[in-house]
Each structure stands twice: as C-alpha cells, then as structure tokens.
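Q: Please take a close look at a single strand and its surroundings. I would like the pairing, the burial and the backbone geometry in one connected account.

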Amino acid sequence: MGDELSQNNYQTVELGDLGRIVTGKTPSTKVPEYFGGDIPFVTPSDMDGRKTISSTDRYLTQDGASAVKSAIVPEGSVMVSCIGSDLGKVAFTGRMSVTNQQINTIIVDRDRFNAEYIYYDLSTRQNELKTQGASGSAVPILNKGHFSKLHIKLPPLDTQAAIANILSAFDNKIELNRQINRTLEAMARAIFKAWFVDFEPVKAKAASATSFRGMPQDVFDQLPAKLTESDLGPVPEGWTHLPIGDLVEVVGGGTPSTKNSDFWEQGEYPFCTPKDLSKLSAPILLDTERHITRAGVDKISSRQLPVGTVILSSRAPIGYLALAETPVSVNQGIIAMVTGKVPNSYILLWTEENMEIIKSRAGGSTFAEISKRNFRPIPVLRPDDTTLQTFGEIAQSLFARIASNERESWTLAAIRDTLLPKLISGEIRVPEALEGADGG
C-alpha cells in the first residue's frame, strides 16, 4: 500500500522548487551597534535538537539585520546547516531571524508545500546531506547551488499537512515539557538564592518579621536572627563553611580502552562524557550515548556511581551539570559528587551558583580544566540541618517533576522517531480521521 502511494501520489522536486533559498551572512563584528538587539541570529550551534528556534546565543539589532538584509528569513522557514561537522542539522524558525553563512534556509512557498513537512523530511536525511558536501575539502561544504538541486519526494499537500500535524503533536508536547522544566528549575534556583545566597529569611527575621513566604513556619522559627562575618562574607549566625571535598565525595573517571571490545561490545552500563551533558535540555541524566560492559565498569576507579550523583563537566567545556537518574560511570572529563550528607539538589545549585569560582581555579595550556585537586578545597556554606533538609525536600519535589517530564519526552521522541521515516516514506498511511488535525 505504501509503495503504491509512493509511486502514484508522490512527486519528486528539487529543494530549489520549494521556494526561495537564502544563504545567511554575519554582520561585521567590528560594529558593536549591530549586536545586542532582539532579532535572533541563528548559527549551527543554536540548532541543538530543538525543532523550532526562537531563542539564540546572540541577537542582532535592527541595524545589524539591515546590514545583512538578504539573510533575513521569516517565521516558518526551514534552516539546514551546510558546513563542517554540523552539516545536515535541520531546524524551523520560530520567528523572523537572521542566519549566518553556514546555513541555507528554504523560505517555503506555503501555497504549494507544507513547511513543517519539509522540515521533518530533511531531518531524517542528515547522513545523506553530509555525503553531498564537497569531497576532497578539509571542511565539507554544501553550497547553495548544490543544495538547491537536491531532490525531495512529496505526497499531496493535504497528506503533507496531516503528517506534519501528527509529528508536531509529539514535538509540541516535548517543547511544553521543556518550558515547564525551565520554570521548575527556575523555582528551585530562586529558593536556593533567597535562602542560601541572599539570606532573605534571616534578614527578614532580623528586621522583626515573624514569617517568610514559602518557608515552613517551624523552619523560620529556628533560624538565627542575624548575620556574622566569615571567610565567605556575612553568613547566618551558626552556619559554617568547609571545603566541598569534606561535604561530598569528589571522584573522577576514566575511559576503558576502546581497542578492547570486552569493555564495549554489547555494553549495557551508561558511560557519561561531557558530550552527553551538552545535549541535555534539563539537568537530568537519564541515559548516555555509549554504554560499557561490566568489565569496562571495573576498569574505572570510580566504577559505577549511584543515582543522585551530581555530575559536572570539568573540561571541554567546564560547567555542564546534571543529576544522575541512573547508575552511571564517567570519563576523565567529569567531576562527580556523591552526596550522602546533604541533598544533591543543594550541591547541584551550589555548583551552578559558584561556577565562576570553579572556572577561576582551572588550569591547562590547551584547554581549561578543573582538577579534583583544585576543586575539593573550594569552600561551601553548610546551613543548619533543619533548613538544609527542608530545602532538599522542596527542591527534590521540583526535580522529581523535571525528571518525570524528561522521561515522558524521551518516550515521545522515541515514538516520533519511529513513526517519522515510516510516515515520510508512505510505509504508514495517514488515517483520514487525522487529516487536518491541528496537532493539539
């Protein structure tokens, strides 16, 4: 049935037939007035697995966008990165944007084609797009001319829309989960900052307040009513500080020899590297790209770390953070903190709050790296047990919801990725009942 649909109803066109193709451009970085506005400036690094790109690392002013007018693309355009190791990344513009010269964008003729369908089709073809890059070149490039000549097979427009609606329903729910998780994480971060950085409850009590919003009354009642000087500056009376290495167990990892298949073949134990952390949309590690065998685990000094371990990338770059939601082994680019005495959420947020201090203690001539030796002496505030335990309970509920949302998103993504090529190829027919669905 799928073959019949493919042969009789699909048409083959070139990408250049889908609409206007735009190659991006970067405004002069020597003109500071071009940057810092509110117009998204998309580069391949912004194409991080999200379907729709509405926020970017850098933004342009109106003058900056006008300086590269030809690179302005409207909402609903399909972007494809066309150079280097990022070649083949695909994303959708969430609003009017400017792209850099490493991206070709299809401004789709919406009267004839469904832009979301085009996005989904190309998102299954990254390996194919990579092979189209200029051979013999040190850096593979898929230029605009060659890109425009690539072929795409399309079903009728109503079928394109129906398929896009089905797949978008998954992506919309995944994006909603991401938004909820960002809010939950911000809530945990705000409580941490109020209680343990700005000491707002203690300051309120010192000003004769009888309660503090969001803090249980019995916890507020036992707080000290003043700040005292310490090596960390003013802190609540009775609260102490000690090296992070005395509060948690700080360990590193290693990589079993990749030349020994006994360590890798049919591995079933998660093996975390900074790359795994870089892909996370929330600070929750559910699984890893690579897995090792039990023999591989035994080759690493820290072996397998327990659920709840706080994981920090210590190089390439320093600063990716996550809570392990699965037992995990780590490589040499990771500092792991096993928290038995204090809530792991406190350590995670303390690490985030003190990232500049951590980075300042890094060494290395080739790239910055923070060693366990330099990390362990960093001082950390030790609040009283009651306040710390209460914060842990509040934060744990927030991070548990984040983890639950992440698991749901993983399941949704797996279903989407299974359906996607089958729907695109016509192997699975779109039920008539779903045609015209809005993806809600």
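A: What follows is a walk along strand β19, its partners and the loops at its ends.

The model is predicted. Strand β19 covers residues 310-314. The strand is mostly covered, with five of its five residues buried.

Start with the side chains. In a regular strand they alternate between the two faces of the sheet. In β19, Val310, Leu312 and Ser314 point one way. Ile311 and Ser313 point the other way. Residues in both sets are buried.

Now the partners. Strand β20, residues 318-324, is joined to β19 by four bridges. The two strands run antiparallel. Within that pairing, Leu312 has Leu321 as its bridge partner. Strand β22, residues 334-338, is also joined to β19 by four bridges. This pair runs antiparallel too. Here Ile311 has Ala336 as its bridge partner.

Next, the turn. β19 and β20 form a hairpin, with three residues between the strands. Ala316 sits in this loop. Its phi is near 55 degrees, a positive value in a residue other than glycine. Ala316 is exposed, because its relative accessible area is 56% and the cut-off for exposed is over 50%. The buried residues of β19 thus lead into a turn that holds an exposed residue, Ala316.

The peptide bond after Ala316 deserves a check as well. Ala316 and Pro317 are joined by a cis peptide bond. Omega there is about -15 degrees. Pro317 belongs to the loop between β19 and β20. Ala316 therefore combines a positive phi with a cis bond to Pro317, and has a relative accessible area of 56%.

Go back to the other end of the strand. A loop runs between α11 (294-298) and β19. Arg303 lies in that loop. Phi of Arg303 is near 50 degrees, again a positive value in a residue other than glycine. Arg303 is partly exposed, with a relative accessible area of 41%. That value falls between the cut-offs of 20% and 50%, so Arg303 counts as neither buried nor exposed.

One contact involves Arg294, whose charged end sits over the ring of Tyr269. The distance to the ring centre is 4.6 Å.

To sum up, β19 is a mostly covered strand. It pairs antiparallel with β20 and with β22. The loop between β19 and β20 holds Ala316 and Pro317, while Arg303 lies in the loop between α11 and β19.

How values were computed:
Residues are numbered from 1 along each chain as its sequence is written. This is a predicted model: local features need pLDDT of at least 70, side-chain atom pairs count only at pLDDT 80 or more; totals for chains, interfaces and linings use all residues. Side-chain values use heavy atoms; hydrogens and water are left out. A charge sits over a ring if NZ of Lys or CZ of Arg is within 6 Å of the ring centre and within 35 degrees of the ring normal. Buried means under 20% relative accessible area, exposed over 50%, partly exposed in between (1.4 Å probe, protein chains only). Two strands pair if DSSP finds at least two bridges between them.
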